[in-house]
Amino acid sequence: MSQGYLLLVAILGVLGLLLMVIRFKIQPFVALLLVSIIVALASGIPMNNVVNVMTSGMGKVLGSVTMIVGLGAMLGQIIEKTGGAESIANYFSRLLGAKRAIPALTASAFILGIPVFFDVGFIILAPIIYGFARVAKVSPLKFGLPVAGIMLTVHVSVPPHPGPISAAELTGADIGLLTIIGLGICIFVGVIGYFTSKWITRKEYKNLLPQTNNDSEVVTEIALEEKAKNAPNPYLIAFLIIAPIFLIMLGTVSSAVIDGESSIKSFFNFLGAPVIALMIGLILAFYFLGIRRRYTLTQISDVMGEALPAAAVVIMVTGAGGVFGNVLVESGVGKALSDLLTSIGLPIMLAAFLISLALRASQGSATVAILTTAGLLSESLIGMSGTEIVLVTLAMCFGGLGLSHVNDSGFWIVTKYLGLSVEDGLKTWTVLTTILGVSGFLITWLVWSLI
């Protein structure tokens, strides 16, 4: 099929999905699957292969997301229900002051985002975001948006994350130089993201998160004092959150510094696997926040179980986003778009950014967008200096950062955890990621011009 036809099918598919979800209020999971089927058939995928393509897309996403979201949700639920999130939020609010809480949490997310994958880190920080929001009596969006923005920025542009690492292998970029320059640019992008998030959240958005009945309770001053006295120690909560992060970092560092294969490296890699690290964190929380604080086994088990229905919604919608993304990949939409942009003859830096951005918008995955662009342009980089190759690689990475929308599984994780509707997610998260991507590219191009 022609490039123009495939691109038209993709555009109509996205517009149809938005119409279903926003105008007709169809549940996103159902709408994503329905549009995936229509786009698959319209783009020429054989009928006997449509279900296989959809199943493959669901499996690619859920294979990594299901256990992480489930364990992360239960860990967050225990911290939340035992008063831990509020305890640590109160502590840091007193220590830093209300005005410094958001930038401090954003800075912490920047550091966390270096070794930890975006979805894992965001899920780990979710209870802290809720706790800060409750103490400040504001929407979780005000804390969660800049946190998610900086974590995704680091994820797409800094090793050891899969996008930049794999792109560097294809382009021949030096990993060390890519890390140093990428981190430096990410600091400036993070500052831009913080102020952009502040501007975006000046408006109030409807919060779709389940509301507790705390507001209906008559809370006396004595009751508040008793609650504060019985709250978990904030240092304990910090330990429970940092423990899985530390284990993941340990696994990442050991892979980089220990050459060859050894039992020690294998052991650290095992502990650093996100699923294992979160399981250890959950067991620690079960003991320190449950058993040690005289909760019965039934009580703490019920608390963990309460997290699963909400987690299931995130998992199913995220998986459906993976289905739609895979249909767009298998239909050839991404290749058609990249071929079109390559044939125009743009300057190498601009081509790297725009091709990656277009691929990101068309099929959803930032990693796929970055890798595909690196493969298309790798031969064009022959003869360039090491620094120039690194900067072109970063332009690809920042292209993969922008335009996160309904075909991106990360879009659904952020919107569901922050209680956003699809429409509000497009107004906030999609706008933020696009501004971050463009900002990162412009700073990269400025460095390119200076050298």
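Ser 254 is buried in this predicted model, with a relative accessible area of 3%. You can find Ser 254 in helix α11, which covers residues 234-257. Which residues does Ser 254 contact, once its neighbours within four places in sequence are left aside? They are Lys 265, Phe 268 and Asn 269.

Now step back and look at the chain as a whole. The program that assigns secondary structure finds 20 helices and 0 strands, so every element we visit below is either a helix or a loop between helices. Of the 451 residues in the chain, 50% are buried. Among the contacts with a separation of 6 or more, 81% join residues that are 24 or more positions apart. As for the outside, the chain exposes about 20,000 Å², and carbon and sulfur atoms supply 68% of that area.Helix α9 shows what burial looks like along one helix. It runs over residues 175-200, and its buried residues are Leu 178, Ile 181, Gly 182, Ile 185, Cys 186, Val 189, Gly 190, Gly 193, Tyr 194, Thr 196, Ser 197 and Ile 200. Look also at the start of α9, where Asp 174 sits just ahead of the helix. There, a side-chain oxygen of Asp 174 comes to within 2.7 Å of the backbone nitrogen of Leu 177.

For a contrast, turn to helix α1, residues 3-23, where you will find Leu 12. Is Leu 12 buried or exposed? Leu 12 is exposed, because its relative accessible area is 53% and the cut-off for exposed is over 50%. Leu 12 also has company: together with Leu 8, Ile 11 and Leu 15, it makes a nonpolar surface patch of about 390 Å².

Next, follow the aromatic rings. The structure holds 11 aromatic pairs. One of them joins Phe 353 and Phe 441, whose rings are stacked, with 4.3 Å from centre to centre and 10° between the planes. Why does this pair tie together parts that are 88 residues apart in sequence? Phe 353 belongs to helix α16 (residues 348-363), while Phe 441 belongs to helix α20 (residues 422-450), so the pair links those two parts. Both partners are tucked away: Phe 353 counts as buried at 5% relative accessibility, and Phe 441 counts as buried at 4%.

Phe 441 takes part in another aromatic pair, with Trp 445. This pair is tilted, with 5.1 Å between the ring centres and 40° between the planes. Here the partners share a helix: Phe 441 and Trp 445 are 4 residues apart in α20, so about one helical turn separates them. Trp 445 counts as partly exposed, at 29% relative accessibility. Elsewhere, Phe 118, Phe 122, Tyr 417 and Trp 429 form one aromatic cluster.

Stay with the last part of the chain for a moment and find Glu 388 in helix α18. At 25% relative accessibility, Glu 388 counts as partly exposed. How far apart in space are Glu 388 and Val 447? Their C-alpha atoms are 9.5 Å apart, although 59 residues separate them in sequence. Setting aside residues up to four places away in sequence, Glu 388 touches Trp 448 and Ile 451.

Finally, visit two loops to look at the backbone. Most residues other than glycine have a negative phi. Arg 294 has a positive phi of about 65°, even though it is not a glycine. Arg 294 lies in the loop between α13 (274-291) and α14 (297-331), and it counts as exposed at 77% relative accessibility. Leu 403 also has a positive phi, near 55°, and is a residue other than glycine. You will find Leu 403 in the loop between α18 (386-399) and α19 (409-417). Leu 403 is partly exposed, with a relative accessible area of 30%.

Key: Residues numbered from 1 in each chain as written. Predicted model: local features only at pLDDT ≥ 70, side-chain atom pairs only at ≥ 80, totals over all residues. Heavy atoms only, no water. Phe/Tyr/Trp six-rings, centres within 6.5 Å; stacked < 30°, edge-to-face > 60°. Buried < 20%, exposed > 50% of the residue type's maximum accessible area, 1.4 Å probe, protein only. Polar contact = N/O pair within 3.5 Å; in protein donor to acceptor, adjacent residues only side chain to side chain. Patch = residues over 30% accessible without salt bridge, like charges linked within 9 Å, V, L, I, M, F, W, Y side chains within 5 Å. Areas by Shrake-Rupley, 256 points an atom, 1.4 Å probe, with all protein chains shown as cover. Salt bridge = Lys/Arg side-chain N within 4 Å of Asp/Glu carboxyl O. Contact = heavy atoms within 4.5 Å.
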